[in-house]
Amino acid sequence: MNLIAKRISDFLKDFPPFNMLSQAQLFAISSEVEVHYFEKNTDIFTTGQTIKNQFYVVKDGAVGLFIEEKNILVDECDEGDIFGLRALMRQGNYKLSAKAIEESIVYSISSELFEEYITTNSEASTFLMSSFASNIRYTATDPEKKNQSKEHLQDFFEEQSAAYSKNPIQCAPETSIKSAALIMTNKRVGSIIITKNKKPLGIITDKDLRIKIATGSSSIEEPVTKIMSSPVITYPENITIAEAQIAMLKYRITHLCITEDGSKDSKLIGILSEHDIVVVRGNSPSALVKEVRRAKTPEQLQHIRKRAEQLLERYIKQQIPIMFATKILSAINESITQKIIDISIKEMPTVPPTSFAWLAIGSQGREEQLLLTDQDNALVFNNVKDSEYKKTKEYFLSLSKKINQKLNSIGFELCPANMMASNPAWCLSVSEWEQQFKKWITTPDQDNLMLCTIFFDFEYVYGDKNLVTILAESIFESIASHDIFLNFLGLNALKNPPPLSFFRQFLVERDGDHKDQFDVKARAMMPLVDAARLLILSKNVKAHNNTIVRYKKLMELEPQNRDVYAACSEAFKNLLYFRTQQGLLHKDSGRFIDLQTLSKADRLALKNCFKAVKEVQDLIQTRFKLSQFL
Amino acid sequence: MNWFKKKIYPPFWKAYIASFKEKKSDTLEHLRFVVFDTETTGLDTKKDRILSIGSIAVIGNTLKVTDSLESYLSQDLFKAETVKIHGLLKEGAIKKVTEEEAIIQFLEHIGNSILVAHHAAFDVTMINQALKRLKLPKLKNKVLDTGHLFQKTKLDTSKKHFGLDQLSKKFNIPQHDRHTASGDAFITALLFVKLIGILKKKNPSLTLNYLLRSNDRIGLL
């Protein structure tokens, strides 16, 4: 095997679409690659040139693609990125210029190889077609695809691998029963495994001590082998919950040994007890929601909320579709909030003086809040006589205060900007809210626009649903009577242009605590959220708050822009996933990403997200004729 | 048979010689260079033997992976102490060819191209010694030395002799497969295109003759 080709394939194998090829295919390509060296600022091809019979992969350095006439940088390619392929597929001349913007080493691959190995591979060609030939972005780490078949919660629950305890407590065969029992007591475990050369021989459980020792049938001075159950039942580490349950039923046992290769003759690496399965079962979403209903105190809710967090962590690890995880977590959060409102009303001296509704706003309202973040909420109460107003407002303010505090006590932190129902400004009657919205819409200055972006995404959580409908209608009425508002909202949505050349320039947050980190919320998620809100409002649709659902609705409403919206929806899913993953990793809101920690696949996915942002922003700019404002 | 005035050479040598009659490109961009490296049993050009040859063609700023050669030679001479450098075992699993076969492949690959190697004198002498054992004359190709080319850049005049390790580090070339003939040939080829780039910047009308000229002569000019 030619070493040079081997090295090239070692590099290519980490990047799509090459990672989708077989080893033989990859090697065939690698042995026919050409390796080019470009000094900084040298052209690789220029606009108008007849296309070369090849496309390129960046090995080292960075290559910029430019619109020649305007010298506008369209894209920046770094390690693993492909360029020059669109021209190759469409034939003709180069529409863009490619220039090394750093000293670069670039591989080129001929069109013959491309046709022979890549277009014949359906996965690889789908990747290329979707990323280069159309607007639909293929996402390298599409969590939805992997679990598409697992529609039913119960199903994938059974298929989950069981979480077993690593570092099981063990002892040698010659250990006395007494010392083994002491070890179990000290380590607070209900079982101990007897191992020889790290291989499991037998097991003693609490039950053995009860049946065989406490009854006096064996002496505690005898070796553990006297009473151990042997042989043990062993499984490999990827055992699923369903398999574990079946095994326990079949052998009438409560503990399974996990070994390196699943046989008795390999090293013991863990133990899976019936209890482990019960714990996992107990964290199932339906069990959690049931427990929320039964809960009586905030402490119980706090505990449930923590387990919901564990559930989320597992979902993310197992790459369960993010939409599913979002729905479950939102449902749990919502039922916790409802319970807290119930508890709080009971603490009030009287029942509510009139009907009211509790609203989640901002990301909670959009059901996009996976991790524990600040609480954002508002309250609307039915209109009352002027003489009753003061008393009514006081009642709801004091109720809201209780609710906010309880939510805080179980882990939803108080909103630092005080966007909460206990703030007199956000605890209003229906007509006050209507006036408020009208005022924001007719005087859309920076502050009011920001408030619109928070409050327009309200979602009913508790109380009188009619009040919420009235509010939604009043928003559309106000917008209709003041249609320039949408242009302002449009401008606002374009405030954060996508950082396309981001990985090279490290357009990271330069100051403050989050230096060298990337604000994924402000720079990638908010633009998509803002765009979705604007577009859906312009269609007079209020029923949908969730950004992904909004884009799905937009795909229906505007089939001509289907591709753009599909890309946005995918991008948003990826970002949500991303942020949750980062948040779990760093035990924070996941808002700031340390770029160093990203894998190439993640970087590609992130980059594709930016492309979606750019496209939808272009669409908005054209539709709302915003160029004149910019 | 001493009345043979002219020695009769085998066909592969004749073909090699004939290739020099072909017209070569006169611009540096289109000239074919072959960057090569040999792994040997040691540094004694008389006694030691070639264990492997790696070579890759370079045209302009492009390394042609398709136009590369990698061969392993079966040699009677074996030195355990050099195994730790090149990693080639006497009875390794790699498919090996005779010295003659390797030389035939090599001559076919290089043709009339300009040879390039790091500290080329050693590698060229090793090849010439092998030719001598086959009762053949020396290589006819022009030879460039990346060590000399680096001196011409005058980037670092602190010493005359820079190893491939030092230079690949200096020029950010990853040191994969160092001390394998094709690995070193690949590294040397990248070093070569980078050096040409630097020299071209200093002298846009760079010619082959300038590259071939030795440093001592430049010193005199």
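**Exercise 1. A sheet in chain A**

In the predicted model, β10(A) pairs with strand β11 (residues 191-196) of chain A in the parallel sense, over two bridges. Determine the order of the strands in the open sheet that holds β10, β11 and β12 of chain A, and state which strands stand at the edges.

*Solution.*

Step 1. One residue pair locates the pairing of β10(A) with β11(A): A:Q170 is placed opposite A:I193.

Step 2. The open sheet has three strands in the order β10-β11-β12, and its pairing is mixed. In general, strands of a sheet pair through backbone hydrogen bonds, in either the parallel or the antiparallel sense.

Step 3. The edges are formed by β10 (170-171) and β12 (199-205) of chain A; each has a single partner strand, so one side of each lacks a neighbour in the sheet.

Step 4. Helix α8 (residues 177-187) of chain A lies across β10, β11 and β12, and runs at about 125° to β11(A).

**Exercise 2. Two helices in contact**

Classify the relative direction of helices α13 and α14 of chain A, and describe the residues of their contact.

*Solution.*

Step 1. Helix α13 (residues 298-317) and helix α14 (residues 322-347) of chain A pack at an angle of about 175°, and their axes are 10 Å apart.

Step 2. Angles over 145 degrees count as roughly antiparallel. The two helices, α13(A) and α14(A), are therefore roughly antiparallel to each other.

Step 3. Residues of α13(A) in the contact include A:L301, A:R305 and A:L312, while those of α14(A) include A:F324, A:I332 and A:K339.

Step 4. The residues of this contact divide into 15 nonpolar, one polar and two charged.

**Exercise 3. Three strands of chain B**

Describe how strand β2 of chain B is joined to β1(B) and to β3(B), and state how many of its residues are buried.

*Solution.*

Step 1. Strand β1 (residues 32-40) of chain B runs antiparallel to β2(B), and nine bridges join them. Within this pairing, B:T40 has B:I50 as its bridge partner.

Step 2. Eight bridges join β2(B) to strand β3 (residues 62-72) of chain B, again in the antiparallel sense. Here B:S52 has B:Y72 as its bridge partner.

Step 3. The hairpin of β2(B) and β3(B) has two residues between the strands, and B:G60 takes a positive phi near 60° there.

Step 4. Strand β2 (residues 50-59) of chain B is mostly covered, with nine of its ten residues buried. For chain B as a whole, 49% of the 221 residues count as buried.

**Exercise 4. Backbone geometry in loops of chain A**

For A:N167 and A:N418, give the sign of phi and decide whether each residue is buried, partly exposed or exposed. Then identify the peptide bond between A:S230 and A:P231 as cis or trans.

*Solution.*

Step 1. Most residues other than glycine have a negative phi, and most peptide bonds are trans.

Step 2. A:N167 is not a glycine, yet its phi is positive, near 50°. A:N167 lies in the loop between β9 (165-166) and β10 of chain A. Its relative accessibility is 69%, so A:N167 counts as exposed.

Step 3. A:N418, also not a glycine, has a positive phi of about 60°. The loop between α16 (386-409) and β18 (427-429) of chain A contains A:N418. At 32% relative accessibility, A:N418 counts as partly exposed.

Step 4. The bond joining A:S230 and A:P231 is a cis peptide bond, with omega about -5°. A:P231 belongs to the loop between α9 (206-214) and β13 (234-235) of chain A.

Definitions and conventions:
Residues are numbered from 1 along each chain as its sequence is written. Chains are lettered from A and ligands numbered from 1 in the order in which they are written. This is a predicted model: local features need pLDDT of at least 70, side-chain atom pairs count only at pLDDT 80 or more; totals for chains, interfaces and linings use all residues. Side-chain values use heavy atoms; hydrogens and water are left out. Axes are lines fitted to C-alpha atoms, for helices over the stretch in contact, and angles run from 0 to 180 degrees between N-to-C directions. Helices (H or I, at least four residues) and strands (E, at least two) are DSSP runs, numbered from the N terminus. Angles under 35 degrees count as roughly parallel, over 145 as roughly antiparallel, 65 to 115 as roughly perpendicular and the rest as oblique. Contact means heavy atoms within 4.5 Å. Ala, Val, Leu, Ile, Met, Phe, Trp, Tyr, Cys and Pro count as nonpolar, Asp, Glu, Lys and Arg as charged, and the others, Gly among them, as polar. Buried means under 20% relative accessible area, exposed over 50%, partly exposed in between (1.4 Å probe, protein chains only). Two strands pair if DSSP finds at least two bridges between them.
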